[in-house]
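Subject: Structure for you to look at

Hi,

Here is the structure I promised to pass on, with my notes below it. Please open it alongside the text and tell me if anything reads oddly.

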Amino acid sequence: MEKTDVHHIVVGSGISGMTAALLLALTGKKVLLLEKAPIPGGSMARFRISGIPFDTGFHFTGGFSNNGLLSDMLKVLGLYKSIEPVFLTGEHANRFMFEQTGEIFDFPAGEQQLKAQLQRYFPQEQKAVERYFELVEQVCRQTRTMDIRQINASMDLLNEDYLSLQTVLDQLTGNQELKTLLSGFSMCYGSAPAEISFANHARMCQGLYQSVARVKDGGDAFIRAFKKAFAEHGVELRCGISIERFLDIRDGQAGSALLTSGETVSFESAILTLHPQEAIKLIPAELMRPAFIHRIQSFEPSAGFFSVFGILEGTENEMDNSIISLFPCADTNRMLDPARSGDSALVIIRNTETVNGKTVQTVSAFEPCFPQETAAWAGSTAGQRPPEYTAYKARKTERIRERVNAFYAGQNAAFKVLNSASVLTFRDYLNSPDGSAYGIRQKTGQFNLIGKLPLRNVYLAGQSSLLPGIVGAMMSSFIVTRAVADKARFNNLICERLG
Ligand SMILES: Cc1cc2nc3c(=O)[nH]c(=O)nc-3n(C[C@H](O)[C@H](O)[C@H](O)COP(=O)(O)OP(=O)(O)OC[C@H]3O[C@@H](n4cnc5c(N)ncnc54)[C@H](O)[C@@H]3O)c2cc1C
């Protein structure tokens, strides 16, 4: 049996794991990054259908505006110049449509512009709109961790952490359409307004109000940039390998880990960027109190997506990048109710790609969907699903195709479906326990699990630890890495790179 020594092991090579591994290496440590899947990147990795690229779990993001949180994190990692944002600035680049009435609301880029636009749409609600944006700004300003220079061991808790988004919206206005639009970005974290705190909603949305951007080459651009930096800074990335169990446990700390390859690796500390329910499987049961296990097991999944991928043919419109959210009703709670039946929101992401020198308009359409919907087939694996599942998938795909085509009918465009994926597809492809898009559901008053686990030199980061989306997942890794790394070197790195 081979034996290796490293300073730190990072488990999971999604955006959280890649961020943690590179940060540790930049503070001078020897890092081993382990990935269970055959390729790195987790949700960031693109896939191809007939040579056409599609995104798995990274389509667009906020945080790229001047001094935005994502820009700052990329600067610290030394990757800022390797990632090319493509800002969605067109007049109709980010639209919300109520399907029943056909009303369309455009969200321009920029908080001030959006506020003014919503006040034009809802002249009776000027004060409510003003106050909503004041509250979002106030929460983000008071959350020091949202400035990487002041990154702390945990997120500051504010009064708004104990108020649901729904409570705040109800206090602001009785206008149901406005409430639905103000909670419209909940599709970017997969929890209903009645469940998520106003504070976490604000932290997730502020960046998206400032600017919405795709990235040239999508998540693959991030993976390429990280891999290059790993080679430069000595991060060893191994795919198809995980931790079997921790060994040499003394005084609540592990001294080494047995890998699934049979090798033993000695380490100082390990960061698991996994779903908390998966992470605790690696902690010896006798080190965990029943109340702790119960807390972790009671986390519920966020929404996942039933997704349909294809191309838009015959469009008369100019080629463009846009996000259209179709809402079948003006009730975000209903659209994100796990027990819902019938249509939910449909987020249509239109993108321009060049394939073999030809321009192609790709469309990815996402309908929120909870694991309950596919529970009957949860025991099946890709390629071996029963006919009932195939019929379910065909039915859902056809309904989504109809809704996309209805939206583009005026432009003489047709949506040609190339493939589709259920939450089970995402579960199996991304090695997640349930196929949810954003890990655990964010709930008011819920304490997510972040940082030190009952094995004192094993830490948890990742999208379920703090906030989902690539910004939230990266932030969780900054917070946890700061706790693990040499403080002086970590702080120097931030100071040097952000000034
Ligand atoms: C359909 C969809 C659309 C989305 N759209 C967006 C979007 O447009 N913008 C945005 O910001 N966010 C989006 N998200 C959310 C975003 O992808 C996630 O919040 C983020 O990528 C999570 O990163 P992570 O590193 O925490 O987890 P992951 O990307 O899931 O990475 C975890 C990694 O750990 C690996 N792993 C699991 N178990 C083990 C193990 N035992 N040992 C070793 N490795 C293991 C997995 O294979 C995976 O590579 C979307 C998600 C989905 C599913």
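Seven strands make up an open sheet with mixed pairing, in the order E8-E7-E16-E17-E18-E15-E19. Please bear in mind that this is a predicted model. The edges of the sheet are strand E8 (104–106) and strand E19 (414–421), each of which pairs on one side only. From one strand to the next, the twist averages 25 degrees.

At the E8 end, strand E7 (residues 94–98) and E8 run antiparallel and are joined by 3 bridges. Which residue stands opposite Phe105 in E8? That is Phe96.

There is also a helix to look at here. Helix H12 (residues 387–408) lies across E15, strand E16 (322–327), strand E17 (346–355), strand E18 (358–369) and E19. Relative to E19, H12 runs at about 150 degrees.

Now for the domains. The domain assignment splits the protein into domain 1 (3–82 + 216–299 + 439–498), domain 2 (106–211) and domain 3 (303–435). Between the C-alpha centres of domain 1 and domain 3 there are 28 Å. Their contact takes 16 residues from domain 1 and 16 residues from domain 3. On the side of domain 1 that touches domain 3, the elements giving two or more residues are strand E5 (52–54) and helix H9 (276–279). E5 gives the most to that side, with 3 residues. By residue class, this side of domain 1 divides into 6 nonpolar, 7 polar and 3 charged.

The ligand is probably the part you will want to open next. How many residues surround the ligand? The count is 38, and the closest are Gly12, Gly14, Gly42, Gly57 and Ser242. The elements that give two or more residues to this shell are:

- helix H1 (15–26)
- strand E3 (31–35)
- strand E15 (304–313)
- helix H13 (423–430)
- helix H14 (469–484)

E15, then, belongs to the order of the open sheet and also gives residues to the shell around the ligand. The shell residues divide into 17 nonpolar, 18 polar and 3 charged.

And where does the ligand lie with respect to the domains? Domain 1 and domain 3 both give residues to the shell, so the ligand lies between them.

Happy to go through any of this with you whenever it suits.

Best wishes

Key: Residues are numbered from 1 along each chain as its sequence is written. This is a predicted model: local features need pLDDT of at least 70, side-chain atom pairs count only at pLDDT 80 or more; totals for chains, interfaces and linings use all residues. A residue is near a molecule or strand if its C-beta atom, placed from the backbone, lies within 6 Å of it. Helices (H or I, at least four residues) and strands (E, at least two) are DSSP runs, numbered from the N terminus. Ala, Val, Leu, Ile, Met, Phe, Trp, Tyr, Cys and Pro count as nonpolar, Asp, Glu, Lys and Arg as charged, and the others, Gly among them, as polar. Domain bounds come from an automatic or database domain assignment. Two strands pair if DSSP finds at least two bridges between them. Axes are lines fitted to C-alpha atoms, for helices over the stretch in contact, and angles run from 0 to 180 degrees between N-to-C directions. Two residues are in contact if their C-beta atoms, placed from the backbone, lie within 7 Å.
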